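Please open the model in your viewer, and keep the sequence panel beside it so that each selection can be followed in both.

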Amino acid sequence: MAYNIDVDELDSMAAAVEHNDIAQMRVANIKIASINLFNFIEPPLAYYDFENIYSHGQWQKKCQWLSEFLAHRQPDIVGFQEVFSPEPLKRIASEQGLVHFAVIDAPTLISDYIYRSPVVALASRYPIVEISSVEPDARLVAAMGLSSEFTFSRKVLRATIEVPHIGKCDFYVVHFKSKRAGLALEPKLIEHQPLGFDNSAPAASMKLHSETQLLTEQALGRWASTMQRGAEAALLFNGILVRRQASKYPVIVMGDFNDSLTMGALDALTIQGESLHSNDIKAAGLGHLSDAALAAVFAQYQLKDAYELFIEANLRDSLTGNTAFHREHRAATHYYGPKGSVLDYILLSSEFDASHGRSLAQVVDYQTCDRHLVRPEYERDAYSTDHAPVIVELALRS
């Protein structure tokens with residue numbers, strides 16, 4: 001029997017099948033991204049200084065870069081940092097299907113049209129059912145010996161989102177304190193006795209004083225920033241624990257951490273039960289639990305780096321013979337001169353850890369989108385961002 005085949009009809013059918021496949025993937029897989037936008041501010045507003053104003057053309061290029069990134073990568077939920085102008089960001093996100101938007105703070109006006117202290121924001125393809133900021137617990141602030149005036153350097157945004165097939169999830173968008181020193185001392189606070197110099201030579205004495213002043217400011221300022229960042233991480237973790245105990249919602253933390261997770265300042269965010277001293281466990285009234293029961297108790301509160309979960313999943317697949325996997329060096333998300341660092345992270349609770357018996361989804365892909373940093377094209381990337389966005393893809397577990 002012969003059939004007349006209409007090529008246009010076949011193309012139409014193929015397109016329909018592809019559309020359905022994409023639609024099914026959209027339901028089954030969830031993409032989460034974190035993007036530091038690097039001074040996202042609409043002219044004629046300026047950031048930090050009156051000279052820092054984008055021209056109309058520069059601003060259009062910055063917006064176009066972001067729009068094309070979202071269109072190409074198609075994330076479902078995005079956490080943004082360094083936002084001075086939330087309204088144009090909301091518009092760009094909405095044009096790419098991220099129609100739900102959240103922001104809980106506003107940048108600080110210095111004078112006239114000059115702003116500082118950019119804020120974080122979140123855009124989502126799925127409904128946002130609750131928005132809140134995370135505030136440090138005053139009792140814990142006092143117990144840590146911090147000033148009663150202590151607060152997060154940038155307000156932390158928590159958005160509860162109704163994620164398909166998973167339910168309500170708490171998303172936290174953070175931008176921790178930078179490593180920049182930011183400490184200026186009065187000259188009289190630093191006493192020095194120049195050695196090897198004639199006191200009758202004021203120029204030499206003044207030069208030494210300037211050098212010691214600068215080095216002291218840098219040393220103390222960087223440590224002060226580290227202490228601020230560490231306190232922010234620990235107090236945020238407490239806020240996450242309290243909320244998680246009450247809501248039982250899965251947790252996703254994303255943003256610019258301004259430090260490596262392997263450094264001590266951020267230890268609190270990924271603390272594990274195995275690192276706790278047995279005496280502390282007994283003092284907490286948990287000494288009667290078996291090792292397995294204790295691990296299960298702590299696992300429900302533990303946060304893991306999405307990248308590490310992706311690596312673990314690939315290693316498991318390679319051990320079962322499904323794929324061949326070789327771990328490569330992790331791509332940097334920020335460069336200071338030639339030196340690269342991983343500063344941007346997405347952390348996930350146990351619901352997204354495939355090794356956890358009750359997980360709902362697992363990490364199937366992790367991308368560091370660094371083309372504009374390592375292979376930039378001026379016309380396309382000149383006004384993009386100085387950070388590499390990170391994207392994690394989650395697949396529901398059957």
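The tour goes from the whole chain to a pair of helices and then to a small sheet.

Begin with the whole protein chain, bearing in mind that this is a predicted model, and colour it by confidence: the average pLDDT is 86, and 84% of the residues score at least 70. In a cartoon view the protein chain shows 10 helices and 17 strands. If you colour by accessibility instead, buried residues account for 42% of the 398 residues. Contacts across the sequence deserve a look as well, since among those between residues at least 6 apart, 73% join residues at least 24 apart.

Next, select residues 1-26, where pLDDT stays under 50. For this stretch the model has 5 contacts beyond four places in sequence, and you may wish to hide residues 1-26 before going on.

Now select helix H2, residues 56-73, together with helix H3, residues 86-95, and turn the view until both axes can be followed. Two packed helices are described by the angle between their axes and by the distance between those axes. For H2 and H3 the angle is about 35° and the axes lie 9 Å apart, while the crossing is right-handed.

Which residues of H2 meet H3? Show side chains for Trp 59, Cys 63, Leu 66, Ser 67 and Leu 70 on the H2 side, and for Pro 88, Leu 89, Ile 92 and Ala 93 on the H3 side, and you have the two sets that meet. By class, the residues of this contact divide into 8 nonpolar and 1 polar, with no charged residue.

From the helices, move to the open sheet of 3 strands, whose order is S2-S6-S5 and whose pairing is mixed. Strand S2 (46-47) and strand S5 (108-111) are the edge strands, each pairing on one side only.

Finally, zoom in on S5 and on strand S6, residues 114-116, which run antiparallel and are joined by 3 bridges. Strands of a sheet pair through backbone hydrogen bonds, so displaying the backbone atoms is a sensible choice at this stop. Leu 109 stands opposite Tyr 115 in S6, and Thr 108 has Arg 116 of S6 as its bridge partner. S5 and S6 form a hairpin with 2 residues between them, and in the turn you will find Asp 112, which has a positive phi of about 50°.

Notes. Residues numbered from 1 in each chain as written. Predicted model: local features only at pLDDT ≥ 70, side-chain atom pairs only at ≥ 80, totals over all residues. Heavy atoms only, no water. pLDDT = per-residue confidence, 0-100. Contact = heavy atoms within 4.5 Å. Axes fitted to C-alpha atoms, helices over the stretch in contact; angles between N-to-C directions. Helix = DSSP H or I, 4+ residues; strand = E, 2+ residues; numbered from the N terminus. Left-handed = near helix turned anticlockwise from the far one by under 90°. Nonpolar A, V, L, I, M, F, W, Y, C, P; charged D, E, K, R; others polar. Pairing = 2+ DSSP bridges. Buried < 20%, exposed > 50% of the residue type's maximum accessible area, 1.4 Å probe, protein only.
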